[in-house]
Amino acid sequence: MQAYCLKCRAMRDLEAAQQVTLKNGKTAMQAPCPVCGTRMSKLVKTPV
Ligand SMILES: [Zn+2]
């Protein structure tokens, strides 16, 4: 899975991404950028 790092302005691979549920009920994957350490989030669709 890849996510866009706002700080690097590049796509980075998400390693050891953790699934989190946002306040609005949506599911996202979060993982630190392997290059700069900034937390990246990527929304994911979950089957109902
Ligand atoms: Zn980065």
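Start by selecting residues 27-32: this is strand E4, joined to strand E5 by six bridges, and the two run antiparallel. Strands here are DSSP runs of E, at least two residues long, numbered from the N terminus, and two strands count as paired if DSSP finds at least two bridges between them. What you have open is a predicted model, so local features need pLDDT of at least 70 and side-chain atom pairs count only at pLDDT 80 or more, while totals for chains, interfaces and linings use all residues. Residues are numbered from 1 along each chain as its sequence is written, and side-chain values use heavy atoms, with hydrogens and water left out.

**Along E4 and its partners**

Show Ala 31 and Met 40 as sticks: Ala 31 stands opposite Met 40 in E5. Now pick Ala 28, whose bridge partner in E5 is Leu 43.

Next, add residues 18-21, which are strand E3, and 39-44, which are strand E5. With E4 included, you have an open sheet of three strands in the order E3-E4-E5, paired antiparallel. E3 and E5 are the edge strands, each pairing on one side only. From one strand to the next, the twist averages 35°; the angles run from 0 to 180 degrees between N-to-C directions, and the axes are lines fitted to C-alpha atoms.

Look at the other side of E4. Four bridges join E3 to E4, again antiparallel, and Thr 21 stands opposite Thr 27 in E4.

How covered is E4? Five of its six residues are buried, so the strand is mostly covered (buried means under 20% relative accessible area, exposed over 50%, partly exposed in between, with a 1.4 Å probe and protein chains only).

Click on Thr 27, which lies in E4. Thr 27 is buried, with a relative accessible area of 10%. Leaving out residues up to four places away in sequence, Thr 27 touches Gln 19, Val 20, Lys 42, Leu 43, Val 44 and Thr 46; a contact means heavy atoms within 4.5 Å.

**The two hairpins**

Select Gly 25. The hairpin of E3 and E4 has five residues between the strands, and Gly 25 takes a positive phi near 90° there. Then jump to Gly 37: in the hairpin of E4 and E5, with six residues between the strands, Gly 37 has a positive phi near 85°.

**The zinc site**

Stay in the loop between E4 and E5 and pick Cys 33. Is Cys 33 buried or exposed? Cys 33 is buried, at a relative accessible area of 4%. Not counting residues up to four places away in sequence, Cys 33 touches Cys 5, Cys 8, Arg 12, Thr 38 and Met 40. For a distance check, measure from Cys 33 to Thr 21: twelve residues apart in sequence, they sit 19 Å apart in space, C-alpha to C-alpha.

Now show the zinc ion. Which atoms coordinate the zinc ion? The SG atoms of Cys 5, Cys 8, Cys 33 and Cys 36 do, at 2.2 to 2.4 Å. Donors are N, O and S atoms within 2.8 Å of the metal (3.2 Å for Na, K and Ca), and water is not among the atoms, so sites may look incomplete. The donor residues are spaced C-x2-C-x24-C-x2-C in sequence.

The site is tetrahedral, with angles of 104 to 115° among its four donor atoms; four donors get that label if all angles lie between 85 and 135 degrees. The ideal angle for four tetrahedral donors is 109.5 degrees. Colour two of the donors by exposure: Cys 5 is buried at 0% relative accessible area, whereas Cys 8 is partly exposed at 24%.

**Two residues with positive phi**

Most residues other than glycine have a negative phi. Select Arg 9, in the loop between strand E1 (2-5) and strand E2 (10-13): its phi is near 55°, a positive value. Arg 9 counts as exposed, at 68% relative accessibility. Move on to Ala 16, in the loop between E2 and E3, where phi is also near 55°. Ala 16 is exposed too, with a relative accessible area of 72%.

**Zoom out**

Show the whole chain as a cartoon: zero helices and five strands, in the pattern β-β-β-β-β along the sequence. The C-alpha trace spans about 35 × 20 × 15 Å along its principal axes. Of the 48 residues in the chain, 21% are buried.

Methods. Four donors count as tetrahedral if all angles lie between 85 and 135 degrees; four count as square planar and six as octahedral if opposite donors are over 155 degrees apart and all others between 65 and 115; anything else is irregular.
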